[in-house]
Amino acid sequence: MAMRLTILGSSSSGNCALLCTDSCKVLIDAGFSAKRIAEMLGAAGHGLDQIDAIFLTHEHGDHCTGISGLARWPGIKIFANRGTAESVQRSLRHRPDWQLFETGSRFRFRDLEVESFSIPHDAIEPVGYVLAHGDGDLLSPRRSVAFVTDLGYAPELVRQRIRDVDVLVLEANHDLALLQRDTKRPWSVKQRISGRHGHLSNEAARDLMASVESPAWRHVCLAHLSRDCNSLSAVEAAFARFMQPGLGFALSIVPPDSGGPIFDLS
Ligand SMILES: [Zn+2]
Ligand SMILES: [Zn+2]
């Protein structure tokens with residue numbers, strides 16, 4: 001196994017993914033309670049005590065609510081930029097082992113190469129990630145995964161960062177018609193969601209895929225679906241052209257109420 005990605009859960013109610021290599025097990029975001037994360041890890045055959053690090057994208061609760069319950073696991077390193085770390089720390093009673101990085105920097109953690117990049121979202125310093133493994137030779141081919149959720153639109157930098165990865169985890173947050181019809185959210189919240197610092201609609205995510213569509217992609221995983229303002233059938237309809245056989249990559253959708261797919265990258 002070079003690298004295995006397991007989407008433990010992803011929706012606008014909580015996000016957490018597990019990435020395993022031969023040398024480390026890390027989480028990308030911790031947007032469920034620590035208890036729930038432990039349960040999801042257990043179902044996937046892992047334990048919280050095996051987790052080496054967590055990489056946070058931004059301070060919203062659906063990405064880091066679990067940090068408060070991790071005081072019992074002081075050995076887990078929490079990687080974040082300063083803006084995110086300071087914001088999350090304000091609601092904590094313990095001080096995790098923060099590992100601060102500069103947005104845009106590239107660094108190594110064990111056998112992973114980690115690169116963060118800025119994304120437009122209504123948080124203090126939100127980022128996407130590319131995590132890569134392998135030396136790029138025959139014995140150890142380079143494999144990479146991009147996480148791009150929670151963004152109002154995709155600037156050129158984001159397009160560049162997702163172009164060469166093997167697995168792209170991309171937000172398909174809402175269906176525009178379902179969002180407009182939703183009765184739980186006031187107009188101002190709908191404006192925020194669909195705005196330049198909100199979330200990608202199905203249509204916007206599809207257009208982004210169509211404009212970047214890269215021969216490097218092996219899997220594209222649609223994630224961070226809204227429970228109220230999206231549905232599997234709406235996503236399937238919007239992405240129908242990417243579900244045809246014969247494309248260079250496979251498309252999968254993470255249902256809002258269950259775990260997602262597993263990607264083996266050897
Ligand atoms: Zn989110
Ligand atoms: Zn967010």
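How many positive and how many negative side chains does the chain have, and how far apart do the centres of the two sets lie? The chain has 28 positive and 31 negative side chains. The centres of these two sets lie 3 Å apart. The model is predicted.

**Overall build**

Eight helices and 14 strands make up the secondary-structure count of the chain. The C-alpha atoms fill a box of roughly 45 × 45 × 35 Å along the principal axes. The radius of gyration is 17 Å, which agrees with a compact globule, because 266 residues in that form would give a value near 18 Å.

**Burial, contacts and surface**

Of the 266 residues in the chain, 56% are buried. Among contacts with a separation of 6 or more, 62% join residues 24 or more positions apart. The accessible surface of the chain is about 11400 Å². Carbon and sulfur atoms hold 49% of that surface.

**Cysteines**

A disulfide is a covalent bond between the sulfur atoms of two cysteines. The count here is zero. Why do Cys16 and Cys20 form no such bond? A pair of cysteine sulfur atoms must lie within 2.5 Å to count. The sulfur of Cys16 has its closest cysteine sulfur in Cys20, 11 Å away, so the gap is too far for a bond. For Cys20 the closest cysteine sulfur is in Cys24, and 8.2 Å is also too far.

Are these two residues buried or exposed? Cys16 is buried, and Cys20 counts as buried too.

| Residue | Closest cysteine sulfur | Sulfur distance | Relative accessible area |
|---|---|---|---|
| Cys16 | Cys20 | 11 Å | 2% |
| Cys20 | Cys24 | 8.2 Å | 2% |

Key. Residues are numbered from 1 along each chain as its sequence is written. Chains are lettered from A and ligands numbered from 1 in the order in which they are written. This is a predicted model: local features need pLDDT of at least 70, side-chain atom pairs count only at pLDDT 80 or more; totals for chains, interfaces and linings use all residues. Side-chain values use heavy atoms; hydrogens and water are left out. Helices (H or I, at least four residues) and strands (E, at least two) are DSSP runs, numbered from the N terminus. The radius of gyration is taken over C-alpha atoms; the globule rule is 2.2 Å times the number of residues to the power 0.38. Buried means under 20% relative accessible area, exposed over 50%, partly exposed in between (1.4 Å probe, protein chains only). Contact means heavy atoms within 4.5 Å. Accessible areas come from the Shrake-Rupley method with a 1.4 Å probe; for residues, only the protein chains shown count as cover. Lys and Arg count as positive and Asp and Glu as negative; His and the chain ends are not counted. The place of a charge is taken as NZ of Lys, CZ of Arg, CG of Asp or CD of Glu.
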